[in-house]
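User: I have a model to read and I want to learn its terms. Please take me through it with the reasons.

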Amino acid sequence: MAICYIQLINTMKILAIETSCDETALALLEASGDSTSPAFTIHNTALHSQIEIHKEYGGVFPAMAKRAHAKNIIPLLEEVLKDEVTEQNNPADTDWTVIETILEREPEVFELLKKYSTTHTRPNIDLLAVTVGPGLEPALWVGINTARALSVLWNVPLIPVNHMEGHIASVLLEQQVTAFPVLALLISGGHTELILINEWGTYKKIGQTVDDAVGEAYDKVARMIGLPYPGGPEISKLATTARESSKEIPEEISLPRPMLHSKDYNFSFSGLKTAVLYLIQKLEKEHSEISEIQKQFIALEFENAVTDVLIKKTTNAITEFGIQSVVVGGGVIANQHIREKLTDTATKEDVKIFFPQQELSTDNAVMIAMAAYLGQFSDEVTVNPKIIAKGNLSLDAKK
Ligand code: KG4
Ligand code: ZN
């Protein structure tokens, strides 16, 4: 049965779980305010990154990601709740059969949770939140099953959250977005999307990549020039060195700006990545091997090409939809050059622009808690909802 009392509580303590890709993240937040002016305080966060595991393979493997999430999620729960609970042996009054069924596919999580729960007091939490998609389904399931188990164990309602709504909400820590319509530009390893928002909770996708995401293109280009995963920061470092040298990009290093002049809001980065491959092959033929300087200029030209397309489409959307605020989210926004160019664009177009704090630009659970708070104003919230992982969940679809 739906629980509606939540809206009556002035402040709400939210525990959020994020396991959509290669980060196991938990966050404990306090939220207050209405849906137009929410305020958030972080109580604690705990995060384990699997980058070292996946680095070796140049990408994220779902089965390996799932195993690492299952191993780390309860130790991280213990860490995030350390100031909320005390150690104490509890009487064996929990019926573990329902919880064991929920965690049927995650026996390791079940054993660790049982041990944790019987040795710690129950935390005071009003709402649980978990990412249900988009992402890697085996990885998402670990978070979902753990969240459902906690929902039953503590009798606390649980709300499903769209990971991309999390990236949008990531800007709401210590700042308020009040001028609508809002345009969200989401640029991550899995997504490149432009979203129109007339009020929090209603999302209309106006464009997206038709092939690779921006971050994915960065990662693939990095691999081509022998740099480790994740490639974004590596390419960006090379590009910055070339940019700061103030030397002209040599004529032979020239890349296309895919879909720059298309009238829609879609993107394509696969052709750009292939153009980099052909360019490397051509340079290797002519110079036997590419030099460090050539690598830097390739990175710079690639970053300029990506930025030109992102800026053009964002500018077009600002004009067509009468946008008042631009919200930018996703791992790629850690890129200083893209940030600066977007900021310049906002100034020129006279709109407000909002970025997440640096540590909230990559995947985290703080953003999932903030999106859950926005969601609970309109969504039904229940204990132990029958939620499932949705690898391809879209922002304009139902959760
Ligand atoms: O949002 P995120 O943490 O995970 C996904 O949901 O995909 O984004 C990760 C992506 C990776 O592709 C990574 O290479 C890229 O963000 N990235 C960057 C930078 N830092 C991370 N791309 C460009 N420049 C950066 N500085
Ligand atoms: Zn993400």
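User: What makes a residue one of the 19 that surround ligand 1?
Analyst: One heavy atom within 4 Å of the molecule is enough for a residue to count as near. By that rule 19 residues surround ligand 1. The closest are Gly-189, Asp-219, Gly-232, Gly-331 and Asn-335. This is a predicted model: local features need pLDDT of at least 70, side-chain atom pairs count only at pLDDT 80 or more, and totals for chains, interfaces and linings use all residues. Residues are numbered from 1 along each chain as its sequence is written, chains are lettered from A and ligands numbered from 1 in written order, and side-chain values use heavy atoms, with hydrogens and water left out.

User: What makes the pair of Asp-219 and ligand 1 a polar contact?
Analyst: A polar contact is a pair of N or O atoms within 3.5 Å; within protein, one must be able to donate a hydrogen and the other to accept it, and residues adjacent in sequence count only if both atoms are side-chain atoms. An N or O atom in the side chain of Asp-219 is 2.7 Å from an oxygen atom of ligand 1, so the pair meets the 3.5 Å limit. Backbone N or O atoms also reach oxygen atoms of ligand 1: one of Gly-331 at 2.9 Å, and one of Gly-190 at 3.3 Å.

User: How much of ligand 1 does the protein cover?
Analyst: The protein covers 89% of the 560 Å² of accessible area that ligand 1 has on its own. Ligand 1 sits in the largest pocket. Helix 6, helix 7 (214-224) and helix 8 (231-244) each give two or more residues to the shell around ligand 1. Helices here are DSSP runs of H or I with at least four residues, strands are runs of E with at least two, and both are numbered from the N terminus.

User: How do you know which residues coordinate the zinc ion (ligand 2)?
Analyst: Donors are N, O and S atoms within 2.8 Å of the metal (3.2 Å for Na, K and Ca). His-163 (NE2), His-167 (NE2) and Asp-363 (OD) are at 2.1 to 2.2 Å, so they count as donors. Water is not among the atoms, so the site may look incomplete. The spacing in sequence is H-x3-H-x195-D. His-167 is in helix 6 (residues 163-169), while Asp-363 is in the loop between strand 10 (352-354) and helix 12 (366-375), 196 residues away. Both His-167 and Asp-363 are buried.

User: Why is Ala-149 called buried?
Analyst: Buried means under 20% relative accessible area, exposed over 50%, and partly exposed in between (1.4 Å probe, protein chains only). Ala-149 has 0% relative accessibility, so it counts as buried. Ala-149 lies in helix 5 (residues 137-154).

User: Why is Lys-66 called partly exposed?
Analyst: Lys-66 has 25% relative accessibility, so it falls in the middle class. Lys-66 is in helix 2 (residues 62-80).

User: What makes Ser-246 and Ser-288 worth a look?
Analyst: Most residues other than glycine have a negative phi. Ser-246 has a positive phi of about 60°, and phi of Ser-288 is near 65°. Ser-246 is exposed because its relative accessibility is 65%. Ser-288 is exposed because its value is 63%.

User: Which peptide bond leading to Pro-134 is cis?
Analyst: The bond that joins Gly-133 and Pro-134 is cis, with omega about -5°. Pro-134 is in the loop between strand 4 (127-133) and helix 5. Another cis bond runs from Tyr-229 to Pro-230, with omega near -5°. Most peptide bonds are trans.

Conventions
Areas by Shrake-Rupley, 256 points an atom, 1.4 Å probe, with all protein chains shown as cover. 1 Å grid on protein atoms, 1.4 Å probe; cavity = no way out; pocket = protein on both sides within 12 Å on 5 of 7 lines; lining within 4 Å. Sits in = over half its atoms within 2 Å of the grid points.
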